[in-house]
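Biologist: Before we discuss terms, may I see the sequence and the model together?

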Amino acid sequence: MIPLRRLTLLALGSLAFVAFLRRWRPFPAVVAGESMVPTLAPGSFVVATERGPVRPGAVVVVARGELEAVKRVASVEDGLVTVLGDNPEHSTDSREFGPVPAEAVRGVVRAVYWPPRRAGLVS
């Protein structure tokens with residue numbers, strides 16, 4: 001039989017985890033191509049959250065039609081976000097298609113979870 005204290009801690013931990021998921025709404029994304037090298041390697045799997053500040057320097061997931069791209073925010077002005085790849089020679093970004101509406105930013109990238117050797121927080 002599990003002691004009451006352990007059950008209480010398990011229940012509180014579970015509630016905290018559910019609250020985190022509901023508030024931050026994490027989702028996975030995949031880095032395609034070399035536009036974010038050296039920060040993110042092609043094929044890296046990242047976790048992003050729907051909530052969080054979209055400010056210059058943040059790495060974000062941007063929706064462009066049916067596609068999603070992982071880019072770094074260069075500026076935020078008047079409801080428009082300018083996004084750039086860290087590797088300009090291999091990046092299709094706002095230099096080519098212009099700023100995107102703030103609503104196109106799906107979320108802020110928080111961490112890499114695959115491959116394991118590159119796992120960690122994204123800054």
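Modeller: The following exchange concerns strand pairs and pockets in a predicted model.

Biologist: Why are β3 and β4 called a pair?

Modeller: Two strands pair if at least two bridges are found between them. Strand β3 (residues 59–64) and strand β4 (residues 67–77) share 6 bridges in the antiparallel sense, so they are a pair by this definition. One of the bridge partners is L67 in β4, which is matched with R64. In the hairpin of these strands, 2 residues lie between them, and G65 has a positive phi near 65 degrees.

Biologist: What makes β4 and β5 a pair?

Modeller: The cut-off is at least two bridges, and β4 is joined to strand β5 (residues 80–84) by 5 bridges, so the two antiparallel strands pair. V73 has V83 in β5 as its bridge partner. The hairpin of β4 and β5 also has 2 residues between the strands, and D78 takes a positive phi near 50 degrees.

Biologist: Which strand supplies the largest share of the lining of the largest pocket?

Modeller: That strand is β4, with 5 residues. The largest pocket has a volume of about 260 Å³. Among its 18 lining residues, A32, E68, A69, K71 and T92 are the closest to its centre. By class, the lining has 9 nonpolar, 5 polar and 4 charged residues.

Biologist: Why does G57, in the lining of the second largest pocket, count as polar?

Modeller: Gly is among the residues classed as polar, so G57 in this lining is counted as polar. The lining has 6 nonpolar, 2 polar and 2 charged residues, and the pocket's volume is about 150 Å³.

Conventions. Residues are numbered from 1 along each chain as its sequence is written. This is a predicted model: local features need pLDDT of at least 70, side-chain atom pairs count only at pLDDT 80 or more; totals for chains, interfaces and linings use all residues. Side-chain values use heavy atoms; hydrogens and water are left out. Helices (H or I, at least four residues) and strands (E, at least two) are DSSP runs, numbered from the N terminus. On a 1 Å grid over the protein atoms alone, a cavity is a set of points where a 1.4 Å probe fits but cannot get out, and a pocket is an open set with protein on both sides within 12 Å along at least five of seven lines; lining residues have an atom within 4 Å of a point. Grid points are joined across faces, edges and corners, and a volume is the space filled by probe spheres set on the points.
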